[in-house]
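Here is a short tour of one model, written for someone who likes to see the cut-offs beside the values. Please keep the viewer open as you read.

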Amino acid sequence: MSTTTEAPDTTAAAKPKLKTSAMIASFADPGQKTASAPFGHALVKAAQENDKIVGLTADLGKYTDMHIFAKAFPERFFQMGMAEQLLFGAAAGLAETGLVPFASTYSVFAARRAYDFLCLDAAEPNLNVNIVGGLPGLTTGYGPSHQATEDMAIFRGMPNLTIVDPCDSIDIEQAVPQLAASEGPTYLRLLRGNVPTVLDEYGYTFELGKAKVLRGGNDVVFISSGLMTMRALQAAKALAAHNVDVAVVHTPTIKPFDAETVLKEINTDRLAVTLENHSVVGGLFETVASAVVTAGLGKRVVPIGLPDQFLDAGALPTLHDRYGLATDRIVAKVLAELG
């Protein structure tokens, strides 16, 4: 595997050279408030209150924060090895007995390797199997083998499956017990490690299946999910310096989709923009566009997301800028649209 290299910058204002470790770095900004392993700690807390919760992983406990649960509840943890189909089949079997399994792996392996097992073993009988997918979208620089840029597109067509794309540690902490209590299978796009804490400043609470208006604005409305809600809020503040007033609507549940809340915000004369850490094919943008067309609104929606292509390997900050997810790129895109 190779990484992208650039010619050295000898100017006084040269940026520090990014090291290979930046390929797996947190997307948190320097100095930003974060929480360590929010999923792992939330699962432990939920398991303390519900003795039916069990945890499984496919040799990725440390890299999906499942190791926190494994340490707290070793008798309720199952290491299935590098066998994602077995992982989902076993989780479905546990759910059949009345247990509430959370099964973790990387998003690429969940979507590409074990789809049929999730579909027929868990979704068709509508079992409470909770899939936790690490490295969603562009949250690793390790190239197409690890970048799950199309996972939501793959999963959106599966009946009964709930899809959640959390923004930050608050979303994850509050989503876990609600996923455990919900009927049917779920898929959580996991943010792991040191995860930013953002939504606490907006009086926000996670409600499964609901979108939330985080801030109002007269000129532009952002519809966002996942880590791109953090970027949407940052871009909204930056655009204020250009006298552009931006509203932000966070849609953590992609399916079932809260079309009522989103369409109410879109059905205005403001510029409507979707922001997602996913391909522009089959994810949030197409979910919103479908809702707009079905409602007969005749409204243009501008997508900000990953291109329909296999992405490069490299340092995350470089790739986020290259593919338009960085805050500066969002600001530039909006200003260009407003002309």
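## Helix 7 and its surroundings

In helix 7, the buried residues are S169, I170, D171, I172, A175, V176, L179 and A180; buried means under 20% relative accessible area, exposed over 50%, and partly exposed in between, with a 1.4 Å probe and protein chains only. Helices (H or I, at least four residues) and strands (E, at least two) are DSSP runs, numbered from the N terminus. This is a predicted model, in which local features need pLDDT of at least 70 and side-chain atom pairs count only at pLDDT 80 or more, while totals for chains, interfaces and linings use all residues. Residues are numbered from 1 along each chain as its sequence is written, and side-chain values use heavy atoms, leaving out hydrogens and water.

An α-helix has 3.6 residues a turn, so residues three or four places apart point the same way. Helix 7 covers residues 169-181, and its 13 residues should span 18 Å at 1.5 Å a residue, which agrees with the 19 Å between its end C-alpha atoms; the expected span is 1.5 Å times one less than the number of residues. There is a bend of about 30 degrees at A175, with a proline, P177, following within four residues. That bend is the angle between axes fitted to the seven residues ending at a residue and the seven starting there. At the N-terminal end, D168 acts as the cap of helix 7, with a side-chain oxygen 3.1 Å from the backbone nitrogen of I170.

## The open sheet

How are the strands of the sheet ordered? The order is 3-2-4-5-7-6-12, an open sheet of 7 strands with mixed pairing. Two strands pair if DSSP finds at least two bridges between them. Strand 3 (77-79) and strand 12 (253-255) are at the edges with a single partner strand each, so one side of each has no neighbour in the sheet. From one strand to the next, the twist averages 20 degrees.

Three of the pairings run parallel, as listed here:

| Strands | Bridges | Sense |
|---|---|---|
| strand 2 and strand 3 | 3 bridges | parallel |
| strand 2 and strand 4 | 5 bridges | parallel |
| strand 4 and strand 5 | 5 bridges | parallel |Within these pairs, L56 stands opposite F78 in strand 3, T57 is opposite S104 in strand 4, and Y106 has G134 in strand 5 as its bridge partner. Strand 2 is mostly covered, with 5 of its 5 residues buried. I53, G55 and T57 point one way from strand 2, V54 and L56 point the other way, and all are buried.

## Two serines and an alanine

S224 belongs to strand 10 (residues 220-224) and counts as buried because its relative accessibility is 0%. Its side chain makes a polar contact of 2.8 Å with the side chain of T229; such a contact is a pair of N or O atoms within 3.5 Å, where within protein one must be able to donate a hydrogen and the other to accept it, and residues adjacent in sequence count only if both atoms are side-chain atoms.

S279 lies in strand 13 (residues 271-279) and is likewise buried, at 5% relative accessibility. A polar atom of the S279 side chain lies 2.9 Å from the backbone nitrogen of V281. Leaving aside neighbours within four places in sequence, S279 is in contact (heavy atoms within 4.5 Å) with T149, L306, P307 and D308.

A238, in helix 8 (residues 228-240), counts as partly exposed at 31% relative accessibility.

Key
Axes fitted to C-alpha atoms, helices over the stretch in contact; angles between N-to-C directions.
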